[in-house]
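This note sets out points for a colleague who is examining the model shown below. The points proceed from the sheet to the helices, the cores and individual loop residues.

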Amino acid sequence: MSRLFRQKDRLSLCMIVKNEERRLARCLASVMPWVGEAIVVDTGSTDRTMEIARDFGAHVEHRPWRDHFSWARNESLALATRPWALLVDADDVLAVTDPDGFEAALAQDEIPAFWVEYHDALD
């Protein structure tokens, strides 16, 4: 990113993870320039997942897995403090191709949600 992204303080990254040490750094490296905070809810990792998240500046919380994906996702959202939340998985990579449009979207207060184009690709 070559310019200051002025709206990043309006965006929280919200994730749930478990044993994602192989993928998490790549994901966070792509997302952190665009968000004002990162919330990572760990559901029982036994690897370096939580350490990696903290190394990227994420706020990490542990929640025991209740066999309920929505509950875990809602736990991450409940910790967010910004007006907007970006939900990604550890194997996702954020590629902002229109920074001006992204910034304009985050500046909105009267629109309740946005859909973003998602491309699934294999490494």
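1. A crossover is called right-handed if, with the strands pointing away from the viewer, the path from the first strand over the helix to the second runs clockwise. By that criterion, strand E2, helix H2 (residues 49-55) and strand E3 make up a right-handed β-α-β unit. The model under discussion is a predicted one.

2. The sheet is open and consists of four strands in the order E3-E2-E1-E4, with parallel pairing. E3 and E4 are the edge strands, each pairing on one side only. On average, neighbouring strands of this sheet are turned by 25° against each other, direction ignored. As general background, the strands of a sheet pair through backbone hydrogen bonds, in either a parallel or an antiparallel manner.

3. The pairings may be taken one by one. E1 and E2 run parallel and are joined by six bridges; within this pairing, Cys-14 stands opposite Ile-39 in E2. Between E1 and E2 the chain passes through helix H1 (residues 24-31), and this β-α-β crossover is right-handed. On the other side of E2, strand E3 (residues 59-62) is paired with E2 in the parallel sense over four bridges, and Val-40 has Val-60 in E3 as its bridge partner. E1 and E4 are likewise parallel, over four bridges, with Leu-86 in E4 as the bridge partner of Leu-13.

4. How many residues of strand E2 are buried? Six of the six residues of E2 (residues 37-42) are buried, so the strand is largely enclosed by the rest of the structure. Both of its faces are covered. Glu-37, Ile-39 and Val-41 are buried on one side, and Ala-38, Val-40 and Asp-42 are buried on the other.

5. Two helices should be considered together with the sheet. H1 packs on the sheet and touches E1 and E4; the direction of H1 makes about 170° with that of E1. Helix H3 (residues 69-79) lies across E1, E2, E3 and E4, and runs at about 145° to E1.

6. Helix H4 (residues 99-106) has Phe-102, Glu-103, Ala-105 and Leu-106 as its buried residues. Seen down the axis of H4, these residues fall within an arc of 160°, so they line one face of the helix. The general geometry is that an α-helix has 3.6 residues a turn, so residues three or four places apart point the same way. The buried residues of H4 pack against strand E1 (11-17) and strand E4 (84-87).

7. The largest nonpolar core has 24 residues, of which Leu-13, Met-15 and Leu-24 touch the most other members. Two or more residues of this core come from each of E1, H1, E2, H2, E4 and H4. Beyond its neighbours within four places in sequence, Met-15 is in contact with a set of residues that includes Leu-24, Cys-27, Leu-28, Ile-39, Val-40 and Val-41. Arg-73, Ser-76 and Asp-89 are also among the contacts of Met-15. Apart from the largest core lies another, of five residues, among them Ile-16, Ile-39, Trp-71 and Ala-72. In soluble globular proteins, nonpolar side chains tend to be buried together.

8. The loop between E1 and H1 contains Asn-19 and Glu-20. Is Glu-20 buried or exposed? Its relative accessibility is 16%, and the cut-off for a buried residue is under 20%, so Glu-20 counts as buried. Leaving aside neighbours within four places in sequence, Glu-20 is in contact with Asp-47, Thr-49 and Ala-90. Asn-19 counts as partly exposed at 34% relative accessibility. Although Asn-19 is not a glycine, its phi is positive, at about 50°.

9. A positive phi also occurs at Asp-67, a residue other than glycine, where the value is near 60°. Asp-67 lies in the loop between E3 and H3. With a relative accessible area of 67%, Asp-67 is exposed.

10. Finally, Glu-110 is placed in the segment after H4. Glu-110 is exposed, with a relative accessible area of 62%. Its C-alpha atom is separated by 33 Å from that of Ala-25, and the two residues are 85 residues apart along the chain.

Definitions and conventions. Residues are numbered from 1 along each chain as its sequence is written. This is a predicted model: local features need pLDDT of at least 70, side-chain atom pairs count only at pLDDT 80 or more; totals for chains, interfaces and linings use all residues. Side-chain values use heavy atoms; hydrogens and water are left out. Buried means under 20% relative accessible area, exposed over 50%, partly exposed in between (1.4 Å probe, protein chains only). The arc is that of the directions from the helix axis to the C-beta atoms. Contact means heavy atoms within 4.5 Å. Two strands pair if DSSP finds at least two bridges between them. Axes are lines fitted to C-alpha atoms, for helices over the stretch in contact, and angles run from 0 to 180 degrees between N-to-C directions. A nonpolar core is a set of buried Ala, Val, Leu, Ile, Met, Phe, Trp, Tyr and Cys residues joined through side-chain atoms within 4.5 Å.
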